[in-house]
Amino acid sequence: MSKENLNNNNNQEPSTGGSQAGASSFFAVDLGATSGRTIIGRLANGKIELEELTRFDNNLIETGGHVYWDIYALYNEIIRGLRLVHKRGINIKSIGIDTWGCDFVFVGNDGAILRNPMAYRDPHTFGTMEKYFAEQLPKEKVYELTGIQFMNFNSLFQLYAMKEEGNSALENADKILFVPDALSYMLTGKAICEYTVCSTSQMLNPVTKDIAPELLQSLGLSRRQFGPITSPATVIGTLTAEVQKLTGLGDIPVIAVAGHDTASAVAAVPAKDENFAYLSSGTWSLMGIESRKPIINKRSYDLNFTNEGGIEGTTRFLKNICGMWIYECCRREWKAAWKPEMGDMDKELSHQVLQSSAKALEPSKSIINPDYPSFANPTSMLQAINDYCKAHSEPVPQTRAEYCRCIFDSLAQRYRQVFTWLREFADFDINTLHIIGGGSKNAFLNQLTADACGVTVIAGPQEGTAIGNIMLQAKAAGAVSDIWEMRRIIANSIELEVYKNK
């Protein structure tokens, strides 16, 4: 296969039928903050092929002054996907689940879920970081223990806010399970704490590779309330009798993949050796390196770099960057203001037209900082750009092409800055930047990035998270030996685009 085979028609039968000669099939659940998918991955003849089974919304619930995820709706969507597997006669070897990080589910001592999990978007953590640092541990000490960048919705601060509010679910929690682990628990009855998703919590010590006792004490929690730390590519358990009855399947194993979606995506980087950096490019961009050990020092603290769990004992040393968010917001505004006399909206505001029109211009004289606070969630992104340019004595863009050129040039310059810092931290020469995720399809920005960073850029795969999830299941099944065999198979299965710096 030259490209990922994604079938977006949920009712269409695959061309290969229910089985493929010599193929090993795996069932991946890939959950994002707005939508989710179930996917079949087939591994045969040294290549991987994907087929999307179902796609569904992941809706927030607002009630009682808080914002929650619907864990039961997500569970039902997994069951629906597994029923389709049974109906189609697909012989899957295992199941793996990846999601976003930081959020968690409380389980009572009778094994029942106590309440839908609160969402990281809930405002109850506003101001909690400062309160925690004043009342519990200093900011520098928390970073020394965890090496995690500071964000108000990190699990540490969510739990502290709940403790201060007297949250009844927390007070009665026998177990605290991160979202992918909670869904695996609902399928198997086994409670674990997957390493990569735990690492996003700002509670895990990346040196000891366990939850820091000092942080547990500050929350009034005990270690036994969290499951055992479990590495990716480990069998959690098999489907319960109840789930087998609901789906028609047998005792299929559920695998702890890289539960954090970015960790699964980075596992899918088709690198040939260790001398690379990666950019997981989408609405938000995550730029980093794989390190054999955590990088925690004053410099990484000052620059707010993060150390998250990676595959096979590695650390994902990275920095969050506001990615295509600014561009997406502008495009949404243009659509909202469109009038019939302006022409064909779908054509004029297509990615192809916007990116081509930006490419035709000279480099922008207006460079913005994509991570400037005013771009986080403004009422009007176009106005936020205008205000920034005026405040910094830069020309204000006038046309859609000029706004796009400004955004893409600014992102490339921000990538260059972070890439320079990564070279400072890395104990190896970085000779390649791999861009994965949806943003890997933006050829113009890819070339700008190669030129700005002065390095070869390799773009793809677009479906990195799902591929990483499936390959880790394949590793658990013994179909691949290690991360480098995984990466060779991925590189052999997709079309990679190469951009040389000019």
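Q: What makes the lining of the largest cavity 8 nonpolar, 2 polar and 1 charged residues by class?
A: It's a matter of sorting: Ala, Val, Leu, Ile, Met, Phe, Trp, Tyr, Cys and Pro count as nonpolar, Asp, Glu, Lys and Arg as charged, and the others, Gly among them, as polar. The lining includes Tyr 68, Phe 104, Arg 115, Asn 116, Met 118 and Asn 167, so Arg 115 goes down as charged and Asn 116 and Asn 167 as polar. Bear in mind that this is a predicted model, where local features need pLDDT of at least 70, side-chain atom pairs count only at pLDDT 80 or more, and totals for chains, interfaces and linings use all residues. Residues are numbered from 1 along each chain as its sequence is written, and side-chain values use heavy atoms, with hydrogens and water left out.

Q: Why is Met 118 called buried?
A: Buried means under 20% relative accessible area, exposed over 50%, partly exposed in between (1.4 Å probe, protein chains only). Met 118 comes in at 5%, so buried is the word.

Q: How do you know that Met 118 is in contact with Val 67?
A: Contact means heavy atoms within 4.5 Å, and Val 67 is among the residues that pass for Met 118. The two are 51 residues apart in sequence, yet 5.9 Å apart in space, C-alpha to C-alpha.

Q: What makes β16 and β18 a pair?
A: Two strands pair if DSSP finds at least two bridges between them. β16 and β18 have 8, in the antiparallel sense, and one of the partnerships is Met 287 with Lys 319 in β18.

Methods: 1 Å grid on protein atoms, 1.4 Å probe; cavity = no way out; pocket = protein on both sides within 12 Å on 5 of 7 lines; lining within 4 Å. Helix = DSSP H or I, 4+ residues; strand = E, 2+ residues; numbered from the N terminus. Lists of a residue's contacts leave out its neighbours within four places in sequence.
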